[in-house]
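Student: I am new to this structure. Can we go through it step by step?

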Amino acid sequence: MTAPSTFGLSSEARNLHWLLTNLVEEVPGIRSVAVVSSDGLLLLSSDPGRNEEARQAREAPRGGPRGSAADLATVVSGVGSLTVGAARLMDSGSVKHTMVAMDEGSLFVMSISDGSLLGVHGSAECDMSVVAYHMALFVGRAGHVLTPELRSELRKSLEPEPSVSSESTGSAR
């Protein structure tokens, strides 16, 4: 995996990128990872190409996400919301993690902080207990640094760069 560009980010944001990269590189069977804010927005992805897809998805006039990082963020947010609703309905307290085993893969969702979620898409062959263990390590290391300021910085890092027009540069015609 190629490390995402962290140029211009704070040390906390760079550390979070590093933790995410290590999660993907060290745990066999992980296909992709997304950190999602409480409002369902992608904050961080395991693949820099997916980050670009998320930027394009935000610019696209079409409704709904485009690109696998945006899709994973949508699924993680939906599963997180569904399980929180189920826990409330059952008076069972807060949701710590959710695992879904499928024929061709697995989905893991774990609470980080303030409603933020860590989502992992794993292969069918991944060891679910190993993935869950490493996710818990990530959450333990990242949870205290995922402040509102850092979430805002991560969101902004996925936004498209403003285009430079002749009007904004002050050039005359």
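Tutor: Start with a term. A cavity is a set of grid points where a 1.4 Å probe fits but cannot get out. Keep in mind that this is a predicted model.

Student: How many cavities of 30 Å³ or more does the structure hold?

Tutor: Rolling a probe the size of a water molecule over the atoms shows where empty space is left. The largest cavity holds about 30 Å³ of space. At a cut-off of 30 Å³ or more, the count for the structure is 1 cavity.

Student: Which elements each supply at least two residues of the lining of the largest cavity?

Tutor: The lining residues are H97, T98, M99, F108, V109, M110, A132 and M135. By class, 6 are nonpolar, 2 are polar and none is charged. The elements that each supply at least two of the lining residues are β3, β4 and α4 (128-142).

Student: Which residues of α4 are buried?

Tutor: Buried means under 20% relative accessible area. A132 and M135, which line the largest cavity, are on the list. In full, the buried residues of α4 are V131, A132, M135, F138, V139 and A142.

Student: What arc do they cover around the axis of α4?

Tutor: An α-helix has 3.6 residues a turn, so residues three or four places apart point the same way. The buried residues of α4 lie on the same side of the helix. On the other side, S129, Y133 and G140 are exposed. The arc of the buried residues is only 120°.

Student: What distance should α4 span, and how far apart are its end C-alpha atoms?

Tutor: α4 has 15 residues, counted at 1.5 Å a residue. The expected span is 1.5 Å times one less than the number of residues. The expected span and the distance between the end C-alpha atoms agree, each being 21 Å.

Student: Now α5. Within what arc do its buried residues fall?

Tutor: The buried residues of α5 are L150, R151, L154 and L158. They line one face of the helix, because seen down the axis they fall within an arc of 100°.

Student: Which residues are exposed on the other side of α5?

Tutor: Exposed means over 50% relative accessible area. On the side of α5 away from the buried residues, the exposed ones are P148, E149 and K156.

Student: Which residue forms a salt bridge with D39?

Tutor: Side chains of opposite charge can pair when their charged atoms come close. A search of the whole structure finds 1 salt bridge. Its closest N and O atoms are 3.2 Å apart, and the partner of D39 is R155.

Student: How many residues apart in sequence are the parts that this pair ties together?

Tutor: D39 sits in the loop between β1 (30-36) and β2 (42-45). R155 belongs to helix α5 (residues 148-158). The pair therefore ties together parts whose separation in sequence is 116 residues.

Student: Is D39 buried, partly exposed or exposed?

Tutor: Partly exposed lies between under 20% and over 50% relative accessible area. R155 has 24% and is partly exposed. D39, at 49%, counts as partly exposed.

Student: Last, the second largest pocket. Which element gives the most to its lining?

Tutor: This pocket has a volume of about 190 Å³. Of its 21 lining residues, the closest to the centre are G80, V84, S111, G115 and L117. α3 (68-89), β3 (97-102) and β4 (105-111) each give two or more residues to the lining. The most, 5 residues, come from α3.

How values were computed:
Residues numbered from 1 in each chain as written. Predicted model: local features only at pLDDT ≥ 70, side-chain atom pairs only at ≥ 80, totals over all residues. Heavy atoms only, no water. 1 Å grid on protein atoms, 1.4 Å probe; cavity = no way out; pocket = protein on both sides within 12 Å on 5 of 7 lines; lining within 4 Å. Points joined across faces, edges and corners; volume = space filled by probe spheres on them. Helix = DSSP H or I, 4+ residues; strand = E, 2+ residues; numbered from the N terminus. Nonpolar A, V, L, I, M, F, W, Y, C, P; charged D, E, K, R; others polar. Salt bridge = Lys/Arg side-chain N within 4 Å of Asp/Glu carboxyl O. Buried < 20%, exposed > 50% of the residue type's maximum accessible area, 1.4 Å probe, protein only. Arc of directions from axis to C-beta.
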